[in-house]
Amino acid sequence: MTRGDLHEVGYLGPKYTWCNNKNGGGRILERLDRCLLNCAALNQLQTAVVKHLARITSDHCPISIKILANKVSKRRNLMFEDIWLTYKASHSGCPLSPFLFIMCSQLLTEEFGNVGKKIGIKVNPNGPIISHLMYDDDIMIFSRANKKCIKKVNKILKNYCSWTGHKINLNKSVILFSKTVKKRVRRALLKVINMNMVKEMEYLEVKIALRRLVKTDFSKIIVKIAAKMNIWGTKFISLAGKVSLIKASVLSLPTYLSSHSLIPLGTLYEV
């Protein structure tokens, strides 16, 4: 599936698509039938819906896919009202704050689509171009290491700041070059973007480095777990309560990191 650039489409209906038609302890349910599409099809068929229908005569569930939507939605222009500037949306608790933040984030995405169409990288040769990732007020931008792309990125960020009134914190902004980029090219690009160069960085508590991560890179997990266990040890909590706390909070830490990074077995054994 990975080599063929095939991805599973979400489905509606029963979870399992096959049954051995037996009762009691011998009954087996499995999900054997799936609908797979490549990245090109997913980009064209963004409204595709897969449904698992009920089994009638066969031991397999029929699968239907709806490719075309009944109603073609027209693109709506984003309108910004001047009166919104009078609201103190930056204050905590303002009901308009999350909506205004989403609209401002959408402006940045639209600008990347208009000005920086060719800015970004491909995870897969047949996959789409990824230009940026956003979460809350953190953003990660992917670009080729040449002056043309870096100048476009700089222009997009300046336009975004002039529209929204936001400012880029250069003290927290860093740039990470690939190992194939020469030092002469790095120095030239740093003068254009005016950011600090690093060899590794963290994004949403996930370490990003151009090397294989080792046990010491995940020492924060052990420290966090030990701190939580020390707090729980000072409180009168039953054994069942401690087990529930471990499942709810402690086990979520390595699970989150393991979904993004390859954690060494020594760290997992210590957890």
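Two strands are taken to pair if DSSP finds at least two bridges between them. In the predicted model described here, this criterion is met by strand β10, residues 132-135, and strand β11, residues 138-141, which are joined by 4 bridges and run antiparallel. Within this pair, M134 has I139 of β11 as its bridge partner. The hairpin formed by β10 and β11 has 2 residues between the strands, and in this hairpin D136 adopts a positive phi near 55°. Strand β10 also contains H132, a buried residue with a relative accessible area of 15%. The C-alpha atoms of H132 and I119 are 9.0 Å apart in space, the two residues being separated by 13 positions in sequence.

Another set of pairings gives an open sheet of 3 strands, arranged in the order β2-β6-β7 with mixed pairing. Its edge strands are β2 (11-12) and β7 (63-66), each of which pairs on one side only. The mixed character can be followed strand by strand: β2 and β6 run parallel and are joined by 2 bridges, whereas β6, residues 49-52, pairs with β7 in the antiparallel sense over 4 bridges. On the parallel side, Y11 has V50 of β6 as its bridge partner. On the antiparallel side, K51 is partnered by S64 of β7, and H52 stands opposite I63 in β7. The two faces of β6 can also be distinguished, with V50 and H52 on the covered face and V49 and K51 on the uncovered one. V50, the bridge partner of Y11, thus belongs to the covered face of β6, and K51, the bridge partner of S64, to the uncovered face.

The largest pocket of the model has a volume of about 1,600 Å³. Its lining comprises 43 residues, of which I139, M140, I141, V174 and M201 lie nearest the centre of the pocket. Two or more lining residues are given by each of the helices α2 (97-114), α3 (147-164) and α4 (183-193), and by each of the strands β11, β12 (174-175), β14 (200-203) and β15 (206-209). The most is given by α3, with 5 residues. By residue class, the lining of the largest pocket divides into 29 nonpolar, 7 polar and 7 charged residues. The hairpin described above is connected with this pocket through β11, one of the elements that give two or more residues to the lining; I139, the partner of M134 across the hairpin, is among the residues that lie nearest the pocket centre.

Helix α4, which also gives two or more residues to the lining of the largest pocket, has R186, L189 and I193 as its buried residues. Seen down the helix axis, these buried residues of α4 fall within an arc of 70°, so they line one face of the helix. The face of α4 turned away from this buried side carries the exposed residues R184, R187 and K191. The loop between α4 and β13 (196-197) contains N194, for which phi is near 60°, a positive value in a residue other than glycine. N194 is exposed, with a relative accessible area of 52%.

A positive phi is likewise found at N21, where the value is near 60° in a residue other than glycine. N21 is located in the loop between β3 (18-19) and β4 (29-30), and with a relative accessible area of 49% it is classed as partly exposed. As background to these backbone values, most residues other than glycine have a negative phi.

The cysteines were examined for covalent links, and a search of the whole structure finds 0 disulfides. A disulfide would require a pair of cysteine sulfur atoms within 2.5 Å. For C61, the closest cysteine sulfur is that of C19, at 8.8 Å, which is too far for a bond. C61 is buried, with a relative accessible area of 8%, and C39 is also buried, with a relative accessible area of 11%.

Terms used. Residues are numbered from 1 along each chain as its sequence is written. This is a predicted model: local features need pLDDT of at least 70, side-chain atom pairs count only at pLDDT 80 or more; totals for chains, interfaces and linings use all residues. Side-chain values use heavy atoms; hydrogens and water are left out. Buried means under 20% relative accessible area, exposed over 50%, partly exposed in between (1.4 Å probe, protein chains only). On a 1 Å grid over the protein atoms alone, a cavity is a set of points where a 1.4 Å probe fits but cannot get out, and a pocket is an open set with protein on both sides within 12 Å along at least five of seven lines; lining residues have an atom within 4 Å of a point. Grid points are joined across faces, edges and corners, and a volume is the space filled by probe spheres set on the points. Ala, Val, Leu, Ile, Met, Phe, Trp, Tyr, Cys and Pro count as nonpolar, Asp, Glu, Lys and Arg as charged, and the others, Gly among them, as polar. The arc is that of the directions from the helix axis to the C-beta atoms.
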